[in-house]
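This report looks at the interior of one protein chain, taking its cysteines, its nonpolar cores and its pocket in turn.

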Amino acid sequence: MHVLSVIHGNEARTELFAPVVQDAGHLLDEWSFVWGTPPARPLDSYDAVLVFGGAMHADQDVHHPWLTEETMWLQQLLDRHTPVLGVCLGVQLLARAAGSWVGPLPDGPEIGWYGVELTDDGAADPVLGALPRSFETLQWHHYTYGLPAGAVELALSKACTQAFRLGDACWGVQFHPEVTRTQIDGWIVDTEDPPPDAELMRMETPQKIDRWNELGRTLCRAFLDAAERVLARAA
């Protein structure tokens, strides 16, 4: 497969997922609507798409006009049933592209290590079901989304919905399965979006990151397997 990774800044790139995609024998291109330059291949020629996070919010078109273009393109992916996995900002943009709302978390941001539980549908899902029924995640988001019409909710935290599937080719997760230790270290010292308790994150991350990276690789592989099945059915 030719896989496109859509990023929104250097602070949130393909990270842990890149070697997983390549080790599975797939080709990976990383690209951003922010860059204003064409991707390596025509956008409609990619077999599967990953959409990652960013410092901006999903409704900030006034400050980031390219968000409108990206949302319209995601609508086309959904219409074509192109396999896609959205992460953090990515899941919010997928929800928006599917006609749902996005907006701030009512009780403030969810930043740090938080527990997530799969729903019954999540446990049976071909992608999220590769994870344990309950697991601890790295969260870093100020916004949430409404479940799109026809979507199946796959996971929840105490703060908000955490994952959905739409149709048989679209998945989105609010947590960060792609995150690496280096990436977290950079986020902790970012003065524009500091964590509420930096010292707690510095203490917890070394204890939790190896297990979380193991689950992140598992989720990525499950998505790639599901994408291959989608493409095989369409062939």
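Is Cys170 buried or exposed? In this predicted model, Cys170 is buried, with a relative accessible area of 2%. The sulfur of Cys170 is 15 Å from the closest cysteine sulfur, which belongs to Cys88, and this is too far for a bond, because a disulfide needs the two sulfur atoms within 2.5 Å. The count of disulfides comes to zero, and Cys88 too is in no disulfide, with the sulfur of Cys160 as its nearest cysteine sulfur.

| Cysteine | Relative accessible area | Nearest cysteine sulfur |
|---|---|---|
| Cys88 | 6% | Cys160, 9.6 Å |
| Cys170 | 2% | Cys88, 15 Å |

In soluble globular proteins, nonpolar side chains tend to be buried together. The largest nonpolar core here holds 47 residues, of which Leu128, Phe175, Trp212 and Phe223 touch the most other members. Helix H6, spanning residues 198-234, gives the most to this core, contributing eleven residues. Leaving aside residues up to four places away in sequence, Trp212 touches several residues, including Trp113, Phe135, Leu138, Phe175 and Val179. Apart from the largest core lies another, of 28 residues, with Val6, Trp66, Trp73 and Val91 among them.

The largest pocket has a volume of about 440 Å³, and 20 residues line it, with Gly54, Ala55, Met56, Trp140 and Asp193 lying nearest its centre. Helix H3 (89-97), strand E7 (134-141) and helix H5 (181-188) each supply at least two residues of that lining, which by class has eight nonpolar, eight polar and four charged residues.

How values were computed
Residues are numbered from 1 along each chain as its sequence is written. This is a predicted model: local features need pLDDT of at least 70, side-chain atom pairs count only at pLDDT 80 or more; totals for chains, interfaces and linings use all residues. Side-chain values use heavy atoms; hydrogens and water are left out. On a 1 Å grid over the protein atoms alone, a cavity is a set of points where a 1.4 Å probe fits but cannot get out, and a pocket is an open set with protein on both sides within 12 Å along at least five of seven lines; lining residues have an atom within 4 Å of a point. Grid points are joined across faces, edges and corners, and a volume is the space filled by probe spheres set on the points. Helices (H or I, at least four residues) and strands (E, at least two) are DSSP runs, numbered from the N terminus. Ala, Val, Leu, Ile, Met, Phe, Trp, Tyr, Cys and Pro count as nonpolar, Asp, Glu, Lys and Arg as charged, and the others, Gly among them, as polar. A nonpolar core is a set of buried Ala, Val, Leu, Ile, Met, Phe, Trp, Tyr and Cys residues joined through side-chain atoms within 4.5 Å. Buried means under 20% relative accessible area, exposed over 50%, partly exposed in between (1.4 Å probe, protein chains only). Contact means heavy atoms within 4.5 Å.
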